[in-house]
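Student: Before we go to the bench, I would like to work through this structure with you, step by step. Could you take my questions in turn and give the reasoning behind each reply?

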There are 2 protein chains.
Amino acid sequence: MENIVELIQHKRDGGELPAGDIEALIAGYMSGEVADYQMSAWLMAAFLRGLTLAETLALTGAMIASGDTLDLSGLGRRVVDKHSTGGVGDKVSLVLGPLVASCGAVFGKMSGRSLGHTGGTVDKLESIPGFRTGLEVDHFVAQLREVGVCIAGQTVNLAPADGRLYALRDVTATIDSNPLTAASIMSKKIAGGAQAVVLDIKVGRGAFFTNMGQARGVAHLMEEIGRAHGMEVVSVMTAMEQPLGHAVGNSLEVLEAVEALAGRGPADLAAVVVELAANLLALSDLGWDRERSREEAGRRLSGGEALPRFRRWVEAQGGDASFIDDPGRLPLAPHRLKITAPADGYVSAIDALAAGKAAFRLGAGRRRKGDAVNHGVGLVLHAKVGDRVGKGEAIASVYAGNTEAAGRAAGEVAAAYELAPEPVPAPPVIIG
Amino acid sequence: MENIVELIQHKRDGGELPAGDIEALIAGYMSGEVADYQMSAWLMAAFLRGLTLAETLALTGAMIASGDTLDLSGLGRRVVDKHSTGGVGDKVSLVLGPLVASCGAVFGKMSGRSLGHTGGTVDKLESIPGFRTGLEVDHFVAQLREVGVCIAGQTVNLAPADGRLYALRDVTATIDSNPLTAASIMSKKIAGGAQAVVLDIKVGRGAFFTNMGQARGVAHLMEEIGRAHGMEVVSVMTAMEQPLGHAVGNSLEVLEAVEALAGRGPADLAAVVVELAANLLALSDLGWDRERSREEAGRRLSGGEALPRFRRWVEAQGGDASFIDDPGRLPLAPHRLKITAPADGYVSAIDALAAGKAAFRLGAGRRRKGDAVNHGVGLVLHAKVGDRVGKGEAIASVYAGNTEAAGRAAGEVAAAYELAPEPVPAPPVIIG
């Protein structure tokens, strides 16, 4: 690429790059003609100067074009997908997928392996013995047809430029940019072939977005990108100040997801699942309006009607469904400690980021691509914000691989809790 | 370096980095802990957010600390140096060095191999058969004592961080920054051990700086950096719209320098040399004021009194001085073409950048470190801005390695000339 320096310079000086230049930049980066140090200079210029909507669309398109794209139109059904910007205790997809499938919609998701504090959806599913996420496309499509729900790892090469760019942004302080973030998320979603996506945009100290303004900006951009690609996109903002639900950690979250599918899940998790399901069902080809979608989702979730669909799903991907019938059999880490309340009072905060980091240090997440996650470790937060606790009562438990890790995590989790003497209202979970 | 991402982020967000952070950044870059792509992201952030004077001083200091420093205080003389920001036809050092030495001052210069359109000072000197620029420090110091003038290549490792940073800036569109430029130039000068420096800041379309405002900004910064290191720094702005003098190319410029030292050089070259010499002599330990310095320099230059000193200098560095006695013997490229005026008129412009590029394509400069330069190729501009020319009269000549290159260069040089029907004044050469 002859003119890469001019191209960086143009963005550096605040100019708008034509789509062809952005395509050449990404193609050059993937071919090795554009060096990492040139891309990172461009990314910093883009971070500080911004990208116009046209540039953001071109970047998204170029990242989609860098790899495979899935065409699910042969299915004859409208495939809906959900994307979360990531939070602590986020097991929503495990509940949401079978719930919307049980309503008759088709929920298909290609999910990467997360580098977050705790495992990604694929890691959580792999806690179930036998569960396979490395599926061929044929399997993915057939399962969508037969079971109505499938979550696969990225066995096809969706938007590989995004993966490389994200890794570079991560080490060059260029993550926190609305257009770069929107293009990153949407390139993978669009390449994955779903026709409609609901975005669960988590906002709070345990989330990628810590303020609503930024979250709204990215949501708006993602909707615009979806529109340009004929994809319907709806954003829902949900709270991520404290972890979602009680469980943080792979097997522990599967266990909680089964509870939720049985109609016995925590209220905050159920609220998020129903809100997202209402939007997904309304975007699906069922012809339901939002009201009916919400009503059906709520009724089926609380009635435990989607649990059999989860069981079928697990079997379709090779998982041992007996663990769903008796999730208490899922292997959990042996070293357990309870954290007790130091005083009578009300839980006024649980720092989601601190809880996520504690789970990460227990081994629930991965630092580098290729690292193994420990499925059995994690936390259970027995008391959440607004709950009344008595002195000495267990407010949380840690599951660790050894006593030293258990002790450290217990200290970290205890520090993540704040108690107040006066009652504290349970915070809203759907915030926009 | 644990916190490199935070450090990039701090500059990205417009913060000021403490000196310790900048030192750690440069040391980490040299040790390999900080990757090229992280440094380039930082450079782009610094480019767009700027650096404070304190940051610029810290960067300069860190680059000096990355390599060797020369201590010339044992000489017992005040060593003066001159630095040019680079122009086309700039053979000033070849004339200036022996001129100030002939006045009794000590002129010492460590000069890098240029990546510019035409060779650097070291390349020009190496046109003289036998001339060696790879000198040991002992030789450098002894020659300063005995001859009063020495220009050596960078045989010691002066500010190697600057070399690496400059190469990175060159390919990431981060060259054109005042603080980065000032730190780059001054780190090498200060490491080189001179106690006073005159900066020849060239401004115009053939120069690094194309506008006076930017040149003044960098000059001011360089004076501040010098002050912080106990080095006296004086800046002179000189014009670089058209090439300086008539010759562009290594041997051709040596030839012109000898002519100038014999008192027969072009007026614009002599004007720059005398202006710089006046400043250098006033900064030296001779105790002359500016007026006397200017008077002595002018008289000696026009009287040819510095030519014997040039001869001694050449001999001291192993060069064959018979080429100085008869510079017409310097080998020149065999394929020569004359460019003639297409009409009667006055030369109104000669695009220095276009002339420099033409010389570069003839082989006078180098694209990459380690490339050889062709000493014999280049251009002679017989007519300069303001000169009256008659139709068919030779206005320029090219010296090329083959006929094809000669033809192409002739076309390029012809295109660099502009003629006007009405008289045009010769432009000023000292502009600030």
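Student: What distance should the 17 residues of helix α10 (residues 212-228) of chain B span at 1.5 Å a residue, and how far apart are its end C-alpha atoms?

Tutor: Please keep in mind throughout that this is a predicted model. The expected span is the rise of 1.5 Å times one less than the number of residues, and for the 17 residues of α10(B) this gives 24 Å. The distance between the end C-alpha atoms agrees with that expectation, since it is also 24 Å.

Student: Which residues of α10(B) are buried, and why can they be said to lie on the same side of the helix?

Tutor: The buried residues of α10(B) are Q214(B), A215(B), V218(B), A219(B), L221(B), M222(B), I225(B) and G226(B). An α-helix has 3.6 residues a turn, so residues three or four places apart point the same way. The buried set of α10(B) falls on the same side of the helix because its arc around the axis is only 165 degrees.

Student: Which residues are exposed on the other side of α10(B), and which elements do its buried residues pack against?

Tutor: On the other side of α10(B), the exposed residues are R227(B) and A228(B). The buried residues of α10(B), for their part, pack against elements of chain B, namely α4 (53-65), α9 (178-191), β4 (196-203) and β5 (232-239).

Student: What is found at the start of α10(B), and which residue just after α10(B) takes a positive phi?

Tutor: At the start of α10(B), N211(B) places a side-chain oxygen within 3.0 Å of the backbone nitrogen of G213(B). Just after α10(B), a positive phi of about 65 degrees is taken by G230(B).

Student: How does helix α2 (residues 19-31) of chain B compare with its expected length, and why do its buried residues count as being on the same side?

Tutor: The 13 residues of α2(B) reach 18 Å from the first C-alpha to the last, which is close to the 18 Å expected at 1.5 Å a residue. Its buried residues are I22(B), L25(B), I26(B), G28(B) and Y29(B). They are on the same side of α2(B) because they cover an arc around the axis of only 160 degrees.

Student: What covers the buried residues of α2(B), and which residue with a positive phi follows α2(B)?

Tutor: The cover over the buried residues of α2(B) includes α1 (4-12), α3 (36-49), α4 and α8 (160-170) of chain B. After α2(B), the residue whose phi is positive, near 95 degrees, is G32(B).

Student: How many disulfides does a search of the whole structure find, and why is there no bond at the sulfur of C150(B)?

Tutor: Over all chains, the search finds zero disulfides. In chain A, C103(A) is in no disulfide, its nearest cysteine sulfur being that of C150(A), 18 Å away; C103(A) is also buried, at a relative accessible area of 7%. In chain B, C150(B) is buried at 0% relative accessibility, and the closest cysteine sulfur, in C103(B), is too far from its own for a bond, because the separation is 18 Å.

Student: What rotation superposes chain A on chain B, and which residue of chain A has the C-alpha nearest the axis?

Tutor: Chain A is superposed on chain B, with an RMSD of 0.1 Å, by a rotation of 179 degrees with 0.1 Å of shift along its axis. The two copies are therefore related as by a two-fold rotation axis. In chain A, the C-alpha nearest that axis, at 1.9 Å, belongs to Y37(A).

Student: Is Q38(A) buried or exposed, and which residues of chain B are among its contacts?

Tutor: Q38(A) is found in helix α3 (residues 36-49) of chain A, and at a relative accessible area of 7% Q38(A) is buried. Leaving aside neighbours within four places in sequence, its contacts include I4(A), V5(A), I8(A) and E33(A), and from chain B V171(B) and T172(B).

Student: With which side chain does the side chain of S235(A) make a polar contact?

Tutor: S235(A) is found in strand β5 (residues 232-239) of chain A, and it is buried, with a relative accessible area of 17%. Beyond neighbours within four places in sequence, S235(A) is in contact with residues including L199(A), I201(A) and A219(A). The polar contact, at 2.7 Å, is with the side chain of E223(A).

Note on methods:
Residues numbered from 1 in each chain as written. Chains lettered and ligands numbered in written order. Predicted model: local features only at pLDDT ≥ 70, side-chain atom pairs only at ≥ 80, totals over all residues. Heavy atoms only, no water. Helix = DSSP H or I, 4+ residues; strand = E, 2+ residues; numbered from the N terminus. Buried < 20%, exposed > 50% of the residue type's maximum accessible area, 1.4 Å probe, protein only. Arc of directions from axis to C-beta. Contact = heavy atoms within 4.5 Å. Polar contact = N/O pair within 3.5 Å; in protein donor to acceptor, adjacent residues only side chain to side chain. Disulfide = S-S within 2.5 Å. Least-squares fit on C-alpha atoms with pLDDT ≥ 70 in both.
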